[in-house]
Protein chains: 2
Amino acid sequence: MRRGLEFKKKARIIVVDDNYEHLSGIKELIEIESDFDVVATATSASVAISLIKKYRPEIVLMDINMPEKDGLTAIAEIEKLDLGVRTIALTGYDDPDLIFRAMKIGAKGYILKTMASAQLIYAIDEVANGKIYLPATLSSRFFEYFQKSFKEEAQTVSDEDNLLNYLTQREEEVLDLLTQGITYKGVAQKLFISETTVKTHVNNIFQKLQVNDRTQAVLYALNNGFLNRRKVKIAI
Amino acid sequence: MRRGLEFKKKARIIVVDDNYEHLSGIKELIEIESDFDVVATATSASVAISLIKKYRPEIVLMDINMPEKDGLTAIAEIEKLDLGVRTIALTGYDDPDLIFRAMKIGAKGYILKTMASAQLIYAIDEVANGKIYLPATLSSRFFEYFQKSFKEEAQTVSDEDNLLNYLTQREEEVLDLLTQGITYKGVAQKLFISETTVKTHVNNIFQKLQVNDRTQAVLYALNNGFLNRRKVKIAI
DNA sequence: CGATTTCTAAACCATATGGTCTAGATTACG
DNA sequence: CGTAATCTAGACCATATGGTTTAGAAATCG
């Protein structure tokens, strides 16, 4: 598979799988069917991490379903090292939650063990070239899960009977300061009003939000999208 | 393109684009090259929504770059109607933030206007069959953006000098109850200890978190991933 | 123009919260 | 076994917070 005079470096790979049979199978597959270089293998996440520090590979193939320290935390740790190592998650399950979590913590690809060997090689190739690879079926599953979580969030947040809607503008300003952990005295200074006025506003806020104290008001505000009102932030 | 005796219903489509040229172009394209049925078109989001309510199509092709009411809010509204209508976003820009927001609010597909007509038909077909369709390039862009946002979040949250790490187990339990808006008396009852003990714990918490009151402690906890410790919740 | 809402502010009081110190019982650690 | 950390709990005091009522000024609305 070598391609003449290309300068492209052979991607160096570390394979991690607690099952030794699988491990050597994958290693052989890669060495025979592709141009990549398996520089090391590991049967546990902790060993894998020291090997990664030592060899600095471009790619890590990580089995997610391991006992002891699980693969997801391992991936998270690898990402935290920030060595530019790109990790591909490998597993038998297409559980959307698993896919979501893997991608969330920084996996650059996600492949099922049942998939054809050609697809594995293709995925490694894509990821080695800086792309992120998810097979179409898994991608669909991911997005369904992704949208479902946001839908639930949107429902709980932007209800039209959100009690925050009943607050006046001044009350919103006061509540905004409260959600920053500022005392009544501080609020009074910031808004150039007396402390008793602040107390009046606060009491009205309590009644409207049906809570009994400052902490509960702040919690209500945070749980019901109060911050999203003023800031146009579309953050996750 | 009709396929003999299949029972599959022709998907009914509404196309929305403020540019009339584009609109009729897309409409013709769909009618000539595919089996789908364009039941209506609209040049504004608000008109589109009433048409959707009237025709109940399976698919909506929505141009995102419209003046007045923009396409994203339109998609959000359509999703909110919960009519089972599946929306595909259509735009000239592959801005990752745009893609991310579109998918977040529930778009079932995202296509660039520059893409080949065959790809448009393919996308509609996929979405009509209940799948979610993102072309590979856009998918890559989406995931990069997705991971970047989580990476930033992870950095601010899971620092090793997170003051929450200095809390004892009992202090964590107390703080947990405080983050639910419970009073000292309530905490005392829940933990079967005296109120003065609660106060002792709380004072220790304040010192460790370097804050002055309950609200600030709760805010610190929420902003620094306190909830993610006990609950394995991977919520967004 | 009259009514309503909003923002302002005070008085008064009860209680919750916060700050500091001391101290016994238990457990963990070297 | 001695020491440190943790959990418990009391005393004492200062102040912040919460509940209620009243009320004037300004803005908004029909």
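A residue counts as near a strand here if one of its heavy atoms lies within 4 Å of it. With that cut-off in hand, the predicted model can be read from the DNA side first. Around DNA strand C there are 18 residues, and those that come nearest are A:T168, A:R170, A:S194, B:Y184 and B:R214. So much for the roll call; next comes what they touch. Of the strand C atoms within 4 Å of the protein, 70% belong to sugar or phosphate, with bases making up the rest.

A few of these approaches can be pinned down atom by atom. A:S194 uses its backbone: an N or O atom there sits 2.6 Å from a phosphate oxygen of DNA strand C. B:R214 also comes in through a backbone N or O atom, 2.7 Å from a phosphate oxygen of DNA strand C. A:H201, on the other hand, brings a polar side-chain atom to 2.9 Å from a phosphate oxygen of DNA strand C.

In terms of helices, the surface near DNA strand C draws at least two residues each from α7 (169–178) and α9 (195–209) of chain A, and from α8 (184–191) and α9 (195–209) of chain B. The largest share, four residues, comes from α9(A). Sorted by class, this surface holds three nonpolar, 10 polar and five charged residues.

Now for the other strand. DNA strand D has 18 residues around it, with A:Y184, A:R214, B:T168, B:R170 and B:S194 coming nearest. Sugar and phosphate make up 70% of the strand D atoms that come within 4 Å of the protein. Bases get some attention too: a polar side-chain atom of A:K199 lies 2.8 Å from a base oxygen of DNA strand D, and one of B:T200 lies 3.3 Å from a base nitrogen of DNA strand D. The side chain of B:H201 goes for the backbone of the DNA, with an N or O atom 2.9 Å from a phosphate oxygen of DNA strand D. Two or more residues of the surface near strand D come from each of α8 (184–191) and α9 of chain A, and α7 (169–178) and α9 of chain B. Here α9(B) gives the most, with four residues. The class tally for this surface reads three nonpolar, 10 polar and five charged.

How are the two protein chains related to each other? Chain B can be laid on chain A with an RMSD of 0.6 Å by a turn of 180 degrees plus a shift of 0.5 Å along the axis. The two copies are thus related as by a two-fold rotation axis. The same surface serves both copies, as 100% of the contact residues of chain B recur in chain A.

The contact itself takes 40 residues from chain B and 40 residues from chain A. About 3,500 Å² is buried between the chains, and carbon and sulfur atoms give 61% of that area. Two salt bridges turn up across the interface; one of them pairs B:D213 with A:R214, whose closest N and O atoms are 3.0 Å apart. That puts A:R214 in two roles, since A:R214 is also among the residues that come nearest to DNA strand D. Polar contacts between chain B and chain A add up to 12 residue pairs, both members at pLDDT 80 or more.

On the side of chain B that touches chain A, α4 (96–105), α6 (136–157) and α10 (214–223) each supply at least two residues. The biggest giver is α6(B), with 11 residues. By class, the residues on this side divide into 16 nonpolar, 13 polar and 11 charged.

Definitions and conventions: Residues numbered from 1 in each chain as written. Chains lettered and ligands numbered in written order. Heavy atoms only, no water. Least-squares fit on C-alpha atoms with pLDDT ≥ 70 in both. Contact = heavy atoms within 4.5 Å. Polar contact = N/O pair within 3.5 Å; in protein donor to acceptor, adjacent residues only side chain to side chain. Nonpolar A, V, L, I, M, F, W, Y, C, P; charged D, E, K, R; others polar. Buried area = accessible area lost by both parts, 1.4 Å probe. Salt bridge = Lys/Arg side-chain N within 4 Å of Asp/Glu carboxyl O.
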